[in-house]
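Reader: I should like to discuss the structure shown below. Please take my questions in turn and set out the reasoning behind each answer.

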Amino acid sequence: MTALMALLLTIGVGAVAVIHVMWGLGSHWPEANEEALARSVVGDGRRRMPPSWQCFLVALVLAVMALWPWYALGRIAEPAVLAGTYMIAGIFVARGIAGFSHRWKAHFTIEPFATRNRKYYSPYCLLLGVGYIALVAGELDK
């Protein structure tokens with residue numbers, strides 16, 4: 001079961017990493033232009049996407065997170081691996097919870113980001129965080 005969880009986490013986080021690489025390369029997917037993309041995925045009023053290097057940096061961090069479950073399998077009892085897994089889970093849970101906070105909603109008001117964050121982005125982050133916690137639970141249960 002933990003191998004299945006590792007696969008699901010790799011696919012789920014890896015897909016987001018690939019999308020960030022696409023944006024770093026200049027893609028506007030899934031929108032028609034850069035301004036529409038910025039309104040959809042940043043939501044703070046900017047008309048342009050962040051610089052390519054920032055998209056690539058986020059993609060790199062996400063790629064490490066996507067591959068982490070495979071590194072963690074069989075090693076979860078090691079303190080550094082356990083801490084790393086909880087740290088990744090914490091990042092996703094914190095992002096998910098933050099997306100529902102009053103402060104977040106006051107800062108990220110632009111549509112369609114505000115609605116998509118509430119319906120998709122924040123719940124997806126929470127789901128990923130729970131997935132990493134489930135990976136730990138499954139490994140420690142062995």
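**Questions on the predicted model**

Author: To begin with one residue of this predicted model, Ser 122 touches Arg 95, Gly 96, Gly 99, Phe 100 and Asn 117, when residues up to four places away in sequence are not counted.

Reader: Is Ser 122 buried or exposed?

Author: Ser 122 has its place in helix α6. A residue counts as buried under 20% relative accessible area. The relative accessibility of Ser 122 is 0%, so Ser 122 is buried.

Reader: How many helices and how many strands does the protein chain have?

Author: From the N terminus on, the elements run α-α-α-α-α-α. The C-alpha trace spans about 50 × 35 × 20 Å along its principal axes. The chain thus described has 6 helices and 0 strands.

Reader: What percentage of the contacts with a separation of 6 or more comes from residues 24 or more positions apart?

Author: The protein chain has 142 residues, and buried residues make up 35% of them. For contacts in the chain with a separation of 6 or more, the share from residues 24 or more positions apart is 69%.

Reader: What span does helix α1 reach from its first C-alpha to its last?

Author: Helix α1 covers residues 2-24 and has 23 residues. At 1.5 Å a residue, 33 Å is expected. The model comes close to this, and the span reached is 32 Å.

Reader: Against which helices do the buried residues of α1 pack?

Author: The buried residues of α1 include Ala 6, Leu 9, Val 13, His 20 and Trp 23. Just after the helix, Gly 26 takes a positive phi of about 105°. The packing partners of the buried residues of α1 are α2 (34-41), α3 (52-72), α4 (79-98) and α6 (113-140).

Reader: Are α1 and α6 roughly parallel or roughly antiparallel to each other?

Author: The two helices α1 and α6 pack at an angle of about 150°, with their axes 10 Å apart. Angles over 145 degrees count as roughly antiparallel. Helices α1 and α6 are therefore roughly antiparallel.

Reader: Is the crossing of α1 and α6 left-handed or right-handed, and which residues make the contact?

Author: The crossing of α1 and α6 is left-handed. On the α6 side the contact residues include Tyr 124, Leu 128, Tyr 132 and Leu 135. On the α1 side they are Thr 2, Met 5, Ala 6, Leu 9, Gly 12, Val 13 and Val 16.

Reader: How many aromatic pairs does the count come to, and how far apart in sequence are the parts that Phe 92 and Tyr 132 tie together?

Author: The count comes to 5 aromatic pairs. Phe 92 and Tyr 132 form one that is stacked, at 5.9 Å centre to centre with 10° between the planes. Both Phe 92 and Tyr 132 are buried. Phe 92 lies in helix α4 and Tyr 132 in helix α6, so the parts tied together are apart in sequence by 40 residues.

Reader: What angle lies between the planes of Phe 113 and Tyr 121?

Author: Phe 113 is buried, with a relative accessible area of 3%, whereas Tyr 121 counts as partly exposed at 25%. Their rings form a tilted pair at 5.6 Å centre to centre, and the angle between the planes is 40°.

Reader: Which residues do ring pairs link into a cluster?

Author: The cluster holds the two residues just named, Phe 113 and Tyr 121, along with two others. In full, ring pairs link Trp 104, Phe 108, Phe 113 and Tyr 121.

How values were computed
Residues numbered from 1 in each chain as written. Predicted model: local features only at pLDDT ≥ 70, side-chain atom pairs only at ≥ 80, totals over all residues. Heavy atoms only, no water. Helix = DSSP H or I, 4+ residues; strand = E, 2+ residues; numbered from the N terminus. Expected span 1.5 Å × (residues − 1). Buried < 20%, exposed > 50% of the residue type's maximum accessible area, 1.4 Å probe, protein only. Contact = heavy atoms within 4.5 Å. Phe/Tyr/Trp six-rings, centres within 6.5 Å; stacked < 30°, edge-to-face > 60°. Axes fitted to C-alpha atoms, helices over the stretch in contact; angles between N-to-C directions. Parallel < 35°, antiparallel > 145°, perpendicular 65-115°, else oblique. Left-handed = near helix turned anticlockwise from the far one by under 90°.
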